[in-house]
Amino acid sequence: CSFIDHPNHKMRDVNRKNGGQGITFCSWNVKGINESIKRGKVLAHLKSLKADITFLQETHLKKDAQHRLKANWIAETYHSSFSHKARGVAILIRKGISFKHISTIADIHGRYIIVVGELYQKKVIFLNLYGPNF
């Protein structure tokens, strides 16, 4: 996970020593989270990291299973899936983060998702890309 400064958000990353302000981003290739036990462990670990915005790759979730990414600490989920239990990327936004969704572009092959919005009144574009190894 990484950290960026933002003046309008109280810092919640306990690993940050200077007590500054910012938003924590996390990117993780989860290599499949169809199984409920693994999915629960992944979501619990993300919660413990206090990640504000999370980018997941290789979720392997089908389109009708996107609801499985919901948790009581997650406000919004955006997911791009494939027709098989393969590929898949997601962006999760923690509750309490000021984010206004504008638009989403999701790849039909589950390789990328682009989410456009406003993060604390600043226009942002989030891109989560899964590139295969050949």
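This report describes a predicted model of a protein, from its overall make-up to a few individual residues.

## Overall make-up

The protein contains one helix and eight strands. Read from the N terminus, the order of these elements is β-β-α-β-β-β-β-β-β, with the helix placed after two strands and before the other strands.

The chain has 134 residues, and 45% of them are buried. The accessible surface amounts to about 7,600 Å², and carbon and sulfur atoms account for 53% of that area. Counting contacts between residues at least 6 apart in sequence, 47% connect residues at least 24 apart.

## The helix α1

Helix α1 spans residues 36-49. Its 14 residues extend 20 Å from the first C-alpha to the last, which is close to the 20 Å expected at 1.5 Å a residue.

Four residues of α1 are named as buried: R39, V42, L43 and L46. Viewed down the helix axis, the buried residues of α1 lie within an arc of 95 degrees, so they line one face of the helix. An α-helix has 3.6 residues a turn, so residues three or four places apart point the same way. The cover over the buried residues of α1 includes strands β2 (23-29), β3, β4 (74-80) and β5 (89-94). On the face turned away from the buried side, α1 carries the exposed residues I37 and K41.

## The loop after α1

K50 follows α1 and has a positive phi, near 60 degrees. The residue belongs to the loop between α1 and β3, where β3 covers residues 53-57. K50 has a relative accessible area of 34%, so it is classed as partly exposed, between the 20% limit for buried and the 50% limit for exposed.

W73 is 23 residues from K50 along the chain. The C-alpha atoms of K50 and W73 are 9.6 Å apart.

## R94 and the salt bridge

The model has one salt bridge under the rule applied. It joins R94 to D52, with 4.0 Å between the closest N and O atoms. The pair links distant parts of the chain, as R94 is in strand β5 and D52 is in the loop between α1 and β3, 42 residues apart.

Both partners, R94 and D52, are buried. R94 has a relative accessibility of 10%, and it counts as buried because that value is under 20%. The side chain of R94 also has a polar atom 3.1 Å from the backbone oxygen of A51.

## N128 in strand β8

N128 is located in strand β8, which covers residues 122-129. With a relative accessible area of 2%, N128 is buried. The side chain of N128 makes a polar contact with the side chain of Q57, at 2.8 Å.

Apart from neighbours within four places in sequence, N128 is in contact with F55, L56, Q57, V89, A90, I91, R111, Y112 and I113. Q57 is thus listed among the contacts of N128 and is also its polar partner.

Technical notes. Residues numbered from 1 in each chain as written. Predicted model: local features only at pLDDT ≥ 70, side-chain atom pairs only at ≥ 80, totals over all residues. Heavy atoms only, no water. Buried < 20%, exposed > 50% of the residue type's maximum accessible area, 1.4 Å probe, protein only. Expected span 1.5 Å × (residues − 1). Arc of directions from axis to C-beta. Contact = heavy atoms within 4.5 Å. Salt bridge = Lys/Arg side-chain N within 4 Å of Asp/Glu carboxyl O. Areas by Shrake-Rupley, 256 points an atom, 1.4 Å probe, with all protein chains shown as cover. Polar contact = N/O pair within 3.5 Å; in protein donor to acceptor, adjacent residues only side chain to side chain.
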